[in-house]
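Load the model in your viewer and colour it by chain. The stops below go from one chain to the pair.

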Number of protein chains: 2
Amino acid sequence: MKKIDVGKKILSANEKYARQNRQLLAEHKIMCLNMISSPGSGKTTILTRTIKELKSKIKIGVIEGDIQTDIDARRIKATGAPAIQINTYGACHLSAAQVSEALAKLPVKEMDLVFIENVGNLICPSAFELGENYKIVVLSVPEGDDKPAKYPAIFAKSKVLLINKIDLLKTPSQVDFDIERVKADARKLNKGIEIFPVSAKTGARFDDWCHWLAKLVKNLRCD
Amino acid sequence: MKKIDVGKKILSANEKYARQNRQLLAEHKIMCLNMISSPGSGKTTILTRTIKELKSKIKIGVIEGDIQTDIDARRIKATGAPAIQINTYGACHLSAAQVSEALAKLPVKEMDLVFIENVGNLICPSAFELGENYKIVVLSVPEGDDKPAKYPAIFAKSKVLLINKIDLLKTPSQVDFDIERVKADARKLNKGIEIFPVSAKTGARFDDWCHWLAKLVKNLRCD
């Protein structure tokens, strides 16, 4: 029986679209960040606060990936930023082809920064390039401090780790999260990873992240 | 070009092992529950507390699925229950073949109940039968109340929904979780789903779940 390497085929078709996306984004000097996490870690809340904090300085657009519903795109649009919802109807990650279609609907010429909020899944999305400049992984405090050890791939591949919901570190029932363990485990996998502990809900320590992000976008524009 | 239905092929090979597992479990009148959730919803903590509460009545074994590490199997073994760790090394769900190997290592003849703790992923594991009697989905409060709407498949397929970390409902920063919305959305997808709000950490409302579970195991044994 002839063996067919299906994994390679799928990745190659995806890579073709990823390359197209990368070219389009580079042409317009747009920074593109692919945000990956478990369901419910707070990706959309991070995005809405980031947009509000930076909207006088940076034009941000968002591509929202979800299995079903347009709940997240509606939350982004409420901030005034353009958002395109992709529904995967069961698929566990976004593909570069889907992102390509979404980019065609965004007013890219006006954008400085495009966030892709991937489907909530700490595993599968890390294997599919979408044409982004960098991946960002979000880990929220209630998920536990063992996640970099147990799900290493996405921590190894990300430019930034946002540790969200640090407001819950202060509650009596949330004492099991050792933030230093998370930092050490993430850096063991990825020496240069930038780590920002934040609370997207309360805004605690959000300035460091926004400052870093504004600089990243400025550097690309002035390159 | 000839099209090959790869999805069907993989599912069929998996279904063969799932059937074998189902037969082995039925032969020994063992209840088998496949536990599925996002990373960090508290599956292992639910299991360790359930084992402690029921160990005088029910003999429980656990099959632990993780991408890497044996952290979870060590936590189960500390309760005195047998546990077999499966590492998937990147794969986003357990397969029935892996469960078959693990069952061969468990003292199944002595067991009343086998829990399979799947890889932390709210999407992919729902598509792969492992030979279990039922699926159980765990949703934790900090993940948010929009998850049944956004990830419907696993809520539609599960016998039980455990809403974990209800202790966090009481903290000032956790007021955004509408438990009635979760119940209503889950029942829209799955009319007969059993729903138990619990805190595996504090033990709050854990009795209802343990009582229901003991009855489920007893009914199978006396069938």
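Two residues are in contact if their C-beta atoms, placed from the backbone, lie within 7 Å. Keep that cut-off in mind for what follows, and note that this is a predicted model.

Select chain A and switch to a cartoon. Chain A holds 8 helices and 7 strands. Now take its contacts between residues at least 6 apart in sequence: 75% of them join residues at least 24 apart.

Reduce chain A to its C-alpha atoms. Along the principal axes, these atoms fill a box of roughly 55 × 55 × 35 Å. The radius of gyration of chain A is 17 Å, which agrees with the value near 17 Å that a compact globule of 223 residues would have. Of the 223 residues in chain A, 49% are buried.

Next, show both chains and superpose them. What turn lays chain B on chain A? A turn of 180° with a shift of 0.0 Å along the axis does this, at an RMSD of 0.0 Å. The two copies are therefore related as by a two-fold rotation axis. Both copies use the same surface, since 100% of the contact residues of chain B recur in chain A.

Finally, select the residues where the chains meet. Here 34 residues of chain B are in contact with 35 residues of chain A. On the chain B side, helix H5 (147–150) and helix H6 (152–157) each supply at least two residues. H5(B) gives the largest share, 3 residues. Colour this side of chain B by residue class: 15 residues are nonpolar, 11 polar and 8 charged.

Note on methods: Residues are numbered from 1 along each chain as its sequence is written. Chains are lettered from A and ligands numbered from 1 in the order in which they are written. This is a predicted model: local features need pLDDT of at least 70, side-chain atom pairs count only at pLDDT 80 or more; totals for chains, interfaces and linings use all residues. Helices (H or I, at least four residues) and strands (E, at least two) are DSSP runs, numbered from the N terminus. Ala, Val, Leu, Ile, Met, Phe, Trp, Tyr, Cys and Pro count as nonpolar, Asp, Glu, Lys and Arg as charged, and the others, Gly among them, as polar. The radius of gyration is taken over C-alpha atoms; the globule rule is 2.2 Å times the number of residues to the power 0.38. A residue is buried if 20 or more other C-beta atoms lie within 10 Å of its own, exposed if 12 or fewer, and partly exposed in between; C-beta atoms are placed from the backbone. Copies are superposed by least squares on the C-alpha atoms of residues with pLDDT of at least 70 in both.
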